[in-house]
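Here is a short report on a two-chain model. It takes each chain in turn, then the contact between them.

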Amino acid sequence: MIGSALDILQQAGTPRIVFNDLPLGNPVGKPFDRAMQNQTLEAALELLYQAQNPGVVQQLPNQWSASEDWRDNFMAITAFNREQLLSLGDENRRQRQRNREQGLFRP
Amino acid sequence: MIRYIERTKAYYRAQGFDQDYQWATNTQTPFSKPARPLKSARITLVTTAVVEPSIPKPIRAAKSYRFSDVPAHFDTTEVSWDKITTHTNDRESYFPLHALNKRVAAGDIGSLAPRFHFIPTEYSQRHTRDQDAPLIAQHCLEDAVDLAILIPL
């Protein structure tokens, strides 16, 4: 597995993890950064053969940027977006109800 | 490092959901070593990026597609990722097919499997465990796959 949400992967029990501590969305590497992406694939291919036990994690040293602000911004809850989040939740619940009424669910 | 489970719980509580999502928890992890060396192994990819957005999200199930039909861009609008900080306009950043093909062409990897696999990020662990994962495993066996790299967004 190549991923960026390490806690989720570890809790699920993943045999081999190549971990890029980057914003969710680009687990293989930053967009258009071919060197980083090649390095990640290389690490995954190596780990497939070198891992001796399940649950092994290889963290790559890649960074998103000099600024770490993205970590605070992801799913942030602030005084300014509380009402917006509640209306997002309301819309989400209404959509789920509509899906059920229209038979849009998996058996 | 972000603790995504805690972050997600807080985020959905703030949206008025009173029951936390139960993340998959397994205390035992399956493990096996590759049967063939990389130079003769057949490899595939498994992604959570969407090939057919016309299928409504609530009924999207695992599906396998030929690599020859891979879209230039997957649809990621209904997948959860950091839409404030980054983008998914570069397919290689979550589906490294060009990088894999180069390694195959160089002779480092035996071959690319005929199919890759979509698995939806499902609310229901039952769907993932009892329907989606077995289907993908079956297709990998049919394709004589030795190695699969799973890359969730």
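## Domains of chain A

Domain bounds are taken from an automatic or database domain assignment. For chain A of this predicted model, that assignment gives two entries: domain 1 covers 2–74, and domain 2 covers 77–107.

How far apart are the centres of domain 1 of chain A and domain 2 of chain A? The separation is 31 Å, taken over C-alpha atoms.

## Fold and dimensions of chain A

Chain A holds four helices and three strands. Their order along the sequence is β-α-β-α-β-α-α. The chain therefore ends its pattern with two helices in succession, where helices are DSSP runs of H or I with at least four residues.

The radius of gyration of chain A is 19 Å. A compact globule of 107 residues would come out near 13 Å. The C-alpha trace of chain A spans about 50 × 40 × 25 Å along its principal axes.

Burial is counted over the 107 residues of chain A, and 26% of them qualify as buried. Sequence separation was also checked. Take the contacts in chain A between residues at least 6 apart in sequence: 45% of these join residues at least 24 apart.

## Fold and dimensions of chain B

Chain B has three helices and five strands. Read along the sequence, the pattern is α-β-β-α-β-β-α-β. A helix opens this pattern and a strand closes it.

The C-alpha trace of chain B spans about 55 × 35 × 35 Å along its principal axes. Chain B counts 153 residues, of which 28% are buried.

What share of the contacts in chain B with a separation of 6 or more comes from residues 24 or more positions apart? The figure is 78%.

## Contact between the chains

How many residues of each chain take part in the contact between chain A and chain B? On chain B there are 49, and they touch 50 residues of chain A.

Three elements of chain B each supply at least two residues of the side that touches chain A: α1 (4–14), α2 (97–105) and β5 (147–151). α1(B) gives the most, with seven residues.

The side of chain B that touches chain A can also be split by class. It has 30 nonpolar residues, 14 polar residues and five charged residues.

Definitions and conventions:
Residues numbered from 1 in each chain as written. Chains lettered and ligands numbered in written order. Predicted model: local features only at pLDDT ≥ 70, side-chain atom pairs only at ≥ 80, totals over all residues. Contact = placed C-beta atoms within 7 Å. Nonpolar A, V, L, I, M, F, W, Y, C, P; charged D, E, K, R; others polar. Rg over C-alpha atoms; globule rule 2.2 N^0.38 Å. Buried ≥ 20, exposed ≤ 12 C-beta atoms within 10 Å, placed from the backbone.
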